[in-house]
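Dear colleague,

I am handing over the structure below, and I have added some notes on what was found in it. Please read them with the model open beside you.

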2 protein chains.
Amino acid sequence: MKVVKFGGSSLASGEQIQKVLHIVMADPRRRIVVVSAPGKRAPDDEKVTDLLIQCAESQLKGEHSTDKVDSILQRYASIADELGLSDKVIVRIRRDLNAVLEGDRSEPLQYIDAVKACGEDNHAKLIAAYFEAQGVPAQYVNPHEAGLFVTSEAGNAQVLEESYDHLYQLRERQGVLIFPGFFGYSKAGRVYTFSRSGSDITGSVLSHAVKAELYENFTDVDAVFSVNPHIVSHPKEITVLTYREMRELSYAGFSVFHDEALIPAFRAGIPVNIKNTNNPNAPGTKIVSHRELTNGPVVGIASDEGFCSIYMSKYLMNREVGFGRKVLNILEDFGITYEHIPSGIDDMSIILRQNQLEPLIETGILTRIKEELAVDEIAIEYNLALLMVVGEGMRRNVGTTARAARALAEAGVNIEMINQGSSEVSMMFGVKETEEARAVQALYDEFFASASVHEKA
Amino acid sequence: MKVVKFGGSSLASGEQIQKVLHIVMADPRRRIVVVSAPGKRAPDDEKVTDLLIQCAESQLKGEHSTDKVDSILQRYASIADELGLSDKVIVRIRRDLNAVLEGDRSEPLQYIDAVKACGEDNHAKLIAAYFEAQGVPAQYVNPHEAGLFVTSEAGNAQVLEESYDHLYQLRERQGVLIFPGFFGYSKAGRVYTFSRSGSDITGSVLSHAVKAELYENFTDVDAVFSVNPHIVSHPKEITVLTYREMRELSYAGFSVFHDEALIPAFRAGIPVNIKNTNNPNAPGTKIVSHRELTNGPVVGIASDEGFCSIYMSKYLMNREVGFGRKVLNILEDFGITYEHIPSGIDDMSIILRQNQLEPLIETGILTRIKEELAVDEIAIEYNLALLMVVGEGMRRNVGTTARAARALAEAGVNIEMINQGSSEVSMMFGVKETEEARAVQALYDEFFASASVHEKA
C-alpha cells in the first residue's frame, strides 16, 4: 500500500486533477491520496487558503465576507466545471463552508484554523466526487471519523499517539481514500491545523499509521538537485538519498521537503519518493533509511547565509571548568540558539544565525560574557555562509576532506571554519558570504562535474 | 634589565655554577638571577628537594633525620668545595636549615613547604657567596624582605597583586641579585611554595614586576623542537614563536615550559628566551607577543593521546533550545572537563581525556544523557589522538588546510575530526591513536621537510 500526497499546484485546476487521477490509477497500490487545497494556477493567482484566512478575519471583525466566499466557491465551481461534475458537489461545499463560517468564534485562533481547513476538506470532497464520476471506487474520508486526533494548539497541532492505531484501520477500507491534508481534530471534536507544510505531515502520519511501503510526495519538480540551481547551472539530480542526508541538506538551504514533516515516516522507516505530477514517469528523488553507496562520496552540496561568529579568547580557558556551559547559559537567557561551537585551547567561537542579534541583545550578550567570564578578547564577525558537503559515503573515505579543501584553495576561497567529526554524513565549511557562490561552484566541480579527472585511489 | 632563571640541572654542581657565572657576566643586563635547588648530576642522583621532603616527613613523624640532613649539607659542601668557597657558607646553611626543621609544625603542609623551600633558599645564598668570592658585586635577596607575598595555599601559593609594586623596587638595588625561586611568604610571614615548575613562576613574576626587557630561562636543551623528536628524527628547532603558539603546542604534548608559569610574563608582554646553560651561544627559542611570519605558515606540530569521543544523535537536535547546555551541565555534575564539541545538525560529539571516565562515571553520564535528553543514539569511541598544527601564519593562508588534509590522505590516515575556526593559530585533527605517528610524520614532511616541493601559489 502506498500513500500519495499531492501539493496545491498539482490540484490547482481540472487539468491538473485529471493528471492526478491518471497517476493514482496507474498503480493499484496507491490507495490513500492526501490532498492540499487548490494552489495557484499562475503566479498572480490567489491560493484558496489565503482567501479563507481573509474570510475568517472578516467574520471575526463582524464584517460580511460574501464576496470572498463567492471567489472561493467560484474556484471550486470552475474546477468542477472543467471536470464535468454536477452542481451537487458545489452545493455541498457551499453548505459546509457556510456552516463553518457561522460556527463558534469563542476561540478566534481555533476559528481561523477551522476555516483554513475548509480548503483541503472541500477539495477532498470534490476530488472524491470526480474519481467516482470516472468510475473509480473512491471515497472522501473525514479525519475526525478516521481518528486523526491532535492537540488543541492552533496552527501548530501535534498528532496524538493514539491516532496511529485508529488510522491503521484505514487499511481495511475498500477503494481509493481521499484524505484532506493539513488538519486533525481535538478530542473535543474541534479542528486544529498543523504548522507550515501541514499536508506533508498528514501524508507522513498516514504512511506511518498504515505501514505503507512507500510515501509518494508529488510536487512540481522532477527531483531534488544536488546543488542550488541558482548558483550552479543545470546541476545533477539526486536519485536517492538517506533521511540523514536530506536533513543535512535541508538545514542549509534545500527546501523541497519540510523536514519536521518527515519525522513520522522516518521513525517508521517508510521510504519517501518526491515526484513530479507533471512528469510522473521521471523517477524523482527517493529518501530512504539506507542506500547503496555509488557515484562517489558526496550526494549534495548546500549552503546558507546570514550566520555570524562570536569569538572569545582567554588565556588558560581550557583549564576553566564550566566555561563553555556558562557561555551557553548566557545565550539561553537571551533566547538565542546557536549552531556550532568550534574551539581552540584558549578560545571558542559560537556560530549562530545573525538575525537573532538585535542591537540590544548583542550588547547584552557581549556585556555579560565580558563581565561574568572575564575574557581577554571578544569580537563578532558577521556575514558568514555555511557550506554543507553531504554524503553517507564521506566519513569513511580517506581524502574527501583533502579534495574539498583543495578545491576551495584552488578557487582562492579562505576557509573560516571547518566542522567535521560528529556527523557521519556531512562536512561543514564556513566562508565569507561574498565567497559563497565561488565556493559552492568549486565544490560542485570537484565532486560532481569532474570526478573522474580528480579521483584518486 | 634581564631576569635570568636557571633550572636544577644548570646548578647541580660547581662546574655548572661556573657556567652560570660566565653567562651572567657575559651581559651586564642580567641583573636578577632566579635559582632552583641543586638538581641531579646523573640519572641516579637524588634531588635536594626530594631529600628535604623526606626530612620534613621524618620530623613530622617524630623521627630523627640527621642522616638526611647530612646528605643535604654534603651536597652543598661538595659544590662549595668545587667552587673553592670557605666553610662559612656551609655553616650558615646548616644553621638556617636546622632552624627551619625545628620550626613550627602546627600546620604540617605549611611546614613541608617551608622545608622544601630551603633547597632554593640555601642555594641562592651559596651562589651569591660564590659570585662575591669571584669579585662580582652580588647579593642574596630574601623573598620576604623583597616583598614577594603569596596566598596561604601550601604547594599552590598564588602571588598577591601588591607584590608587583614591592618587587619593582629591586630595580634600584646595585649588583647582581640572587633570588631563590619556588616560594614566597604569606602576609603573616610564613613560607608557601608555588605549584610544579615553581622557579619558572618566580622568574616570570620578577620579569613582570621589574618590567624586564627579557626573561631568559636556562635549561638543558638548545631549543624547542618543531615536532616530537621521538616521532620524527632530527626535527627542526623553533627560533621564535608567540605565546599563543606556545600554548597550543604545550597543550598537546610539548612540555618544555610550564604554561601557567608564563602568565605573568605574558600579561606584561615580556619576551621569554629558552636557552641552554651548556651551550649559551645557541640562540635558543624565543617566545614573544608578535613575530614576523617567515618560513611558511606552520611553526610546530604537536600531538597527544588518550582522548575519547562521546557521540550522540537525535533527530531535529538543532531545533532543541538548551540541548548542548544540558549535556555540559551533566558533564559538570560529574566533574568532567571536555576539550571540544564538534557538532552536526542532529548530532554532537564531546571530545575529552578518557582517563576521566572511570566505569561508574561513564555509566552515570551515559544513563543521564539517555534519560534526560532522549537521544536516539549514544556511543563512545576511545583511543583517539589529537594533532595540533600550529602557526600564526596559518589562518590567513588559503590552502593550509588543503595541504594538511592531503598530506594525511596520502599517508592513508583517516581524519576522525577537524576543529578549525576559532583559534587563529591552530588547526586540530583527531585521528586514531594507532595512526598518530604516521599522521605526525606526514604533516611534518608536508610543512617542514619538503615545503619547497609541495608549495603551491
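A good place to begin is A:Phe6, which sits in strand β1 of chain A, the strand that covers residues 2-6. Please keep in mind throughout that this is a predicted model.

A:Phe6 is one of the positions that UniProt, in an unreviewed entry, lists under "binding site", together with A:Lys5, A:Gly7, A:Gly8, A:Thr219 and A:Asp220. These positions are spread over 216 residues of sequence, and yet they cluster in space, with a largest C-alpha distance of 12.2 Å. The unreviewed UniProt entry also gives A:Thr49 and A:Glu120 as "binding site". Here the spread is 72 residues of sequence, while the largest C-alpha distance is 8.4 Å, and these positions too cluster in space. Of this pair, A:Thr49 belongs to helix α2 of chain A, which runs over residues 48-60.

Turning to charged pairs, the structure holds 60 salt bridges when all chains are taken into account. Among them is the one in which the side chains of A:Arg30 and A:Glu216 meet, at 2.6 Å from N to O. Because A:Arg30 lies in strand β2 (residues 30-35) of chain A and A:Glu216 in strand β7 (residues 214-219) of chain A, this pair ties together parts that are 186 residues apart in sequence.

The remaining notes concern the interface between the chains. The contact draws 62 residues from chain B and 62 residues from chain A, and the two chains bury about 5,400 Å² between them, with 50% of that area on carbon and sulfur atoms. On the side of chain B, the residues B:Arg247, B:Tyr315 and B:Ile345 supply 14% of the area that this chain buries against chain A, which is more than any other three residues supply.

Which residue of chain A forms a salt bridge with B:Asp346? The partner is A:Arg247, and the closest N and O atoms of the pair are 2.5 Å apart. Across the whole interface of chain B and chain A, six salt bridges are found, and the count of residue pairs in polar contact, both at pLDDT 80 or more, is 14. Several elements of chain B give two or more residues to the side that touches chain A, including α9 (243-251), α11 (323-333), β15 (377-390) and α13 (400-410). Sorted by class, that side of chain B has 24 nonpolar, 19 polar and 19 charged residues.

Finally, the chains also meet through strands, since β16 of chain A (residues 417-420) pairs with β16(B) in the antiparallel sense over three bridges. Within this pairing, A:Ile418 stands opposite B:Gln420 in β16(B).

With kind regards

Terms used
Residues are numbered from 1 along each chain as its sequence is written. Chains are lettered from A and ligands numbered from 1 in the order in which they are written. This is a predicted model: local features need pLDDT of at least 70, side-chain atom pairs count only at pLDDT 80 or more; totals for chains, interfaces and linings use all residues. Side-chain values use heavy atoms; hydrogens and water are left out. Contact means heavy atoms within 4.5 Å. Buried area is the accessible area (1.4 Å probe) that two parts lose on being put together, summed over both. A salt bridge is a side-chain nitrogen of Lys or Arg within 4 Å of a carboxyl oxygen of Asp or Glu. A polar contact is a pair of N or O atoms within 3.5 Å; within protein, one must be able to donate a hydrogen and the other to accept it, and residues adjacent in sequence count only if both atoms are side-chain atoms. Helices (H or I, at least four residues) and strands (E, at least two) are DSSP runs, numbered from the N terminus. Ala, Val, Leu, Ile, Met, Phe, Trp, Tyr, Cys and Pro count as nonpolar, Asp, Glu, Lys and Arg as charged, and the others, Gly among them, as polar. Two strands pair if DSSP finds at least two bridges between them. UniProt positions are given in the numbering used here, feature names are shortened, and annotations may be inferred rather than shown by experiment.
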